Amino acid sequence: MRAADIIIKKRGTGSEKGKELLKEEIEFLVNGYVDGSIPDYQMSAFLMAVYFSGMTFEETGILTGCMLNSGETINLRSFNGMEGPFVDKHSTGGVGDKISLPLAPVAAVLGLRIPMMSGRGLGHTGGTLDKLESIEGYNVNLDEKQFASIIARTGFAMMGQTDKIVPADKKMYALRDVTGTVESIPLITASILSKKVAEGSDALVFDVKCGKGAFMKSEDDAEKLASFLVKTAQSMGKKSCALLTRMDSPLGFKVGNYLEIEETLECLQGNGPADVMELTYELGARMAVLGGKALDTEDGIKKCMAAIKSGAALQKFLENVKDQGGDPEKLMAEQGKRRSKFKDEITAAQDGFLSVDAYKTGIACISLGVGRNKASDKVDADAGIIFHKRQGDFVKKGETIMEVYGKNSESLASGKAGLENALSFSSEKPENKKLILKEII
Ligand code: URA
């Protein structure tokens with residue numbers, strides 16, 4: 001078998017799309033890439049061929065399986081006889097999307113066990129691990145034993161992908177990030193699912209984002225991705241469903257690594273923004289149903305609300321902070337006080353109804369120091385934004401729209417310019433679109 005022949009088969013001729021690959025061909029490429037016999041340039045060409053020609057549902061399942069088998073999988077049930085149900089949620093990424101942080105403790109209060117293997121900021125989107133690391137001492141580099149023992153004790157743990165888990169995705173993802181091949185439905189499906197199956201979940205709920213600040217801009221593409229994720233997960237023996245949710249403007253009032261931890265505390269104290277709470281409850285309810293802890297979505301929502309109201313979810317979150325090396329008392333004491341000294345404000349340039357572009361906000365946040373331009377960049381814990389006015393609000397000229405915090409004075413100035421460019425004003429109230437567009441089961 002020759003890599004070049006497989007690339008040509010998937011590439012097609014230009015006027016004609018490439019053909020469906022055999023299991024042996026996909027295995028040959030993935031295994032060869034992991035063992036070093038297939039070089040980066042051939043894998044890059046293959047990924048671009050998939051980007052343009054796509055993959056069938058069957059090919060996507062085979063690719064996911066090959067990537068999963070490239071490394072170890074975590075068996076949580078082998079840890080001191082721990083019992084499930086193990087249920088996780090995965091978001092395809094957005095701006096201000098901190099839902100995993102309030103959701104994991106809420107789901108744990110309901111009796112689910114959540115083995116959450118998360119990622120870092122990617123492109124314009126934020127990453128759960130970067131946010132957690134803004135808590136002094138919080139350790140996301142857990143080994144399998146530590147991961148399992150924290151789940152056994154508190155109900156959930158949050159860790160990053162290790163070198164042993166899905167090494168094929170680690171290598172392929174790094175290549176996709178720099179070869180313009182991220183936004184491909186089969187490649188995203190295989191990347192996400194190989195990791196989620198490896199972490200040991202029995203059931204998976206997907207939050208598939210759609211809109212300006214999402215990887216999938218159109219509802220059609222987002223729906224196709226959602227159904228690929230759900231169907232492929234089900235074909236691998238996992239219970240699964242997805243919500244298609246809007247990501248045109250940032251979620252919540254706070255964007256930034258520590259600022260999103262702070263907003264998580266507000267959610268768990270019962271003062272969270274309506275959009276963040278809606279997603280937390282709706283996704284939590286689906287997790288509860290799949291894990292057998294709620295009769296239906298309505299029952300699940302009630303249980304999630306009760307977990308917040310009683311204070312039990314806040315307690316769980318603080319227990320987890322302690323379990324993973326942070327100091328819960330310090331975290332609570334700095335709430336509302338911890339701010340970067342490099343601060344400015346953006347005021348309304350004119351009267352009108354405000355629109356906030358999530359993609360442009362995410363890019364401006366990279367300039368502030370929230371995210372990275374290249375993999376070796378260090379993120380800043382305290383950079384970010386606090387919105388005073390949000391999408392759809394009417395603002396008067398000169399009114400404060402947001403507080404802006406930078407890593408240093410240069411990053412503050414360039415981030416602020418980017419944020420000003422993310423705002424627009426209109427005399428007509430923008431349509432109040434629904435946050436949850438569809439459910440895919
Ligand atoms: N997140 C992932 O883990 N992989 C992708 O391909 C896209 C988002």
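In the predicted model, N80 is found in the loop that lies between helix 4 and strand 1. The phi angle of N80 is near 45°, a positive value in a residue other than glycine. The loop between helix 4 (57-68) and strand 1 is also the place of P85. The peptide bond that leads from G84 to P85 is cis, and its omega is near 0°. Most residues other than glycine have a negative phi, and most peptide bonds are trans.

Strand 1, which follows this loop, belongs to an open sheet of 4 strands. The strand order is 1-4-5-13, and the pairing is mixed. Strand 1 (87-91) and strand 13 (436-440) stand at the edges; each has a single partner strand, so one side of each is left without a neighbour in the sheet. On average, and with direction ignored, neighbouring strands of this sheet are turned by 15° against each other. Strand 5 (residues 239-246) and strand 13 run antiparallel and are joined by 4 bridges. Within this pairing, T245 has I436 of strand 13 as its bridge partner. Helix 12 (residues 274-290) packs on the sheet and touches strand 1, strand 4 (203-210), strand 5 and strand 13. The direction of helix 12 makes about 150° with that of strand 4.

A further open sheet is formed by 3 strands in the order 10-8-12, with antiparallel pairing. Its edges are taken by strand 10 (394-395) and strand 12 (423-426); each of these has a single partner strand, so one side of each is left without a neighbour in the sheet. Strand 8 (residues 352-356) pairs with strand 12 in the antiparallel sense over 4 bridges. S355 stands opposite S424, a residue of strand 12. Helix 17 (residues 409-422) packs on this sheet, where it touches strand 8 and strand 12. Between the direction of helix 17 and that of strand 12 the angle is about 30°.

The surroundings of the ligand were examined next. Y173, R176, I188, S191, I192 and K195 surround the ligand. By class, the residues of this shell divide into 3 nonpolar, 1 polar and 2 charged. Helix 8 (167-179) and helix 9 (185-198) each supply at least two of the shell residues. The largest share, 4 residues, comes from helix 9.

Polar side-chain atoms of several shell residues approach the ligand. For K195, such an atom lies 2.5 Å from an oxygen atom of the ligand. R176 likewise has a polar side-chain atom 2.9 Å from a ligand oxygen atom. In the case of S191, the ligand atom is a nitrogen, and a polar side-chain atom of the residue lies 2.6 Å from this nitrogen. On its own the ligand has 240 Å² of accessible area, of which the protein covers 91%.

Key:
Residues are numbered from 1 along each chain as its sequence is written. This is a predicted model: local features need pLDDT of at least 70, side-chain atom pairs count only at pLDDT 80 or more; totals for chains, interfaces and linings use all residues. Side-chain values use heavy atoms; hydrogens and water are left out. A residue is near a molecule or strand if one of its heavy atoms lies within 4 Å of it. A polar contact is a pair of N or O atoms within 3.5 Å; within protein, one must be able to donate a hydrogen and the other to accept it, and residues adjacent in sequence count only if both atoms are side-chain atoms. Accessible areas come from the Shrake-Rupley method with a 1.4 Å probe; for residues, only the protein chains shown count as cover. Ala, Val, Leu, Ile, Met, Phe, Trp, Tyr, Cys and Pro count as nonpolar, Asp, Glu, Lys and Arg as charged, and the others, Gly among them, as polar. Two strands pair if DSSP finds at least two bridges between them. Contact means heavy atoms within 4.5 Å. Axes are lines fitted to C-alpha atoms, for helices over the stretch in contact, and angles run from 0 to 180 degrees between N-to-C directions.
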